[in-house]
Amino acid sequence: MVKAVFPGSFDPPTYGHLNIIDRARGIFEELYVVVAVNRQKTGLFTPGERLALLQELLEPYKNVSVHLSDTLMVNFARSHGCKVLVRGIRSVPDFSYEFELSIMNKGLDPAIETIFMPTDPKYFVLRSSAIKELASFDGDLSAMVPPNVATALRDKSKVWDQGIPRT
Ligand code: ADP
């Protein structure tokens, strides 16, 4: 009976994130999806907007809950009785970054384990940063993000478009 945390910026959530969540919720008793608030970085979506998008998407999953946190992930995990941090891996550069992060987290709290899940090959090119760029050019996002996220991205592009004529 192990509980796990899946932290990320989710700016915005993609089908790649949802695939990891769907697989992890089948393994762990409870999964805490955490929008990690980074004080140094402002995203396209506010932390509250990301939380609301994830809540809408994950509402059907009874053993998944969504949270906002601006604390260290090992502290969040410990205070919620979670022993595992789940991280998705898309590529070798992802692995080398995540490996170092896992060593740092192990040093902060040796009782918390990091578990890596390789991406489903269907989603290995999905990256929130690339999706935001595509959205700014009105690209087709339907294979990358769920409909509520595509709508939210379109609403953001309307704001970008104000006063900027498309050529
Ligand atoms: P990004 O901005 O890189 O998309 P996040 O910080 O929101 O990522 O990512 C949260 C977690 O989800 C990380 O462990 C990341 O590696 C993982 N992740 C993101 N996109 C994918 C994907 N397409 N497939 C698998 N894991 C992913």
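**Exercise 1. Find the polar contacts of the ligand.**

A polar side-chain atom of R90 lies 2.9 Å from an oxygen atom of the ligand. Start from this pair and list polar contacts that S9 and T119 make with the ligand.

*Solution.* First, the ground rules. This is a predicted model, in which local features need pLDDT of at least 70, side-chain atom pairs count only at pLDDT 80 or more, and totals for chains, interfaces and linings use all residues. Residues are numbered from 1 along each chain as its sequence is written, and side-chain values use heavy atoms, with hydrogens and water left out.

Step 1: fix the term. A polar contact is a pair of N or O atoms within 3.5 Å; within protein, one must be able to donate a hydrogen and the other to accept it, and residues adjacent in sequence count only if both atoms are side-chain atoms.

Step 2: take S9. A polar atom of its side chain is 3.1 Å from an oxygen atom of the ligand.

Step 3: take T119. An N or O atom of its side chain lies 2.8 Å from a nitrogen atom of the ligand.

Step 4: look at cover. The ligand taken alone exposes 540 Å², and the protein buries 89% of that. These areas come from the Shrake-Rupley method with a 1.4 Å probe; for residues, only the protein chains shown count as cover.

**Exercise 2. Describe the shell around the ligand.**

Which residues come nearest to the ligand, and which elements give two or more residues to the shell?

*Solution.* Step 1: name the residues. There are 17 residues around the ligand, and F10, G88, R90, T119 and Y123 come nearest (a residue is near if one of its heavy atoms lies within 4 Å).

Step 2: name the elements. β1 (3-8), α1 (15-25), β4 (84-89) and α4 (92-108) each give two or more residues to the shell. Helices (H or I, at least four residues) and strands (E, at least two) are DSSP runs, numbered from the N terminus.

Step 3: sort by type. The shell holds 6 nonpolar, 7 polar and 4 charged residues. Here Ala, Val, Leu, Ile, Met, Phe, Trp, Tyr, Cys and Pro count as nonpolar, Asp, Glu, Lys and Arg as charged, and the others, Gly among them, as polar.

**Exercise 3. Walk from β1 into α1.**

What is unusual in the backbone of F10, and what kind of peptide bond joins D11 and P12?

*Solution.* Step 1: recall the background. Most residues other than glycine have a negative phi, and most peptide bonds are trans.

Step 2: check F10. It lies in the loop between β1 and α1. Its phi is near 50 degrees, a positive value in a residue other than glycine. F10 counts as buried because its relative accessibility is 1%. Buried means under 20% relative accessible area, exposed over 50%, partly exposed in between (1.4 Å probe, protein chains only).

Step 3: check the bond. D11 and P12 are joined by a cis peptide bond, with omega about 5 degrees. P12 also sits in the loop between β1 and α1.

Step 4: enter the helix. T14 caps the N-terminal end of α1, with a side-chain oxygen 3.0 Å from the backbone nitrogen of G16. The buried residues of α1 are G16, H17, L18, N19, I20, I21 and A24.

**Exercise 4. Compare E49 with R50.**

Is each of these residues of α2 buried, exposed or partly exposed?

*Solution.* Step 1: place them. E49 lies in helix α2 (residues 47-58), and R50 lies in α2 too.

Step 2: read E49. Its relative accessibility is 31%, so E49 counts as partly exposed. E49 and P12 are 37 residues apart in sequence, and their C-alpha atoms are 8.9 Å apart in space.

Step 3: read R50. Its relative accessibility is 7%, so R50 counts as buried. A polar atom of its side chain lies 2.8 Å from the backbone oxygen of F45.

**Exercise 5. Locate D138 and P110.**

Where do these two residues lie?

*Solution.* Step 1: D138 is in the loop between α5 (128-136) and α6 (147-161). It has a positive phi of about 60 degrees although it is not a glycine.

Step 2: P110 is in the loop between α4 and β5 (113-118). P110 is exposed because its relative accessible area is 56%.
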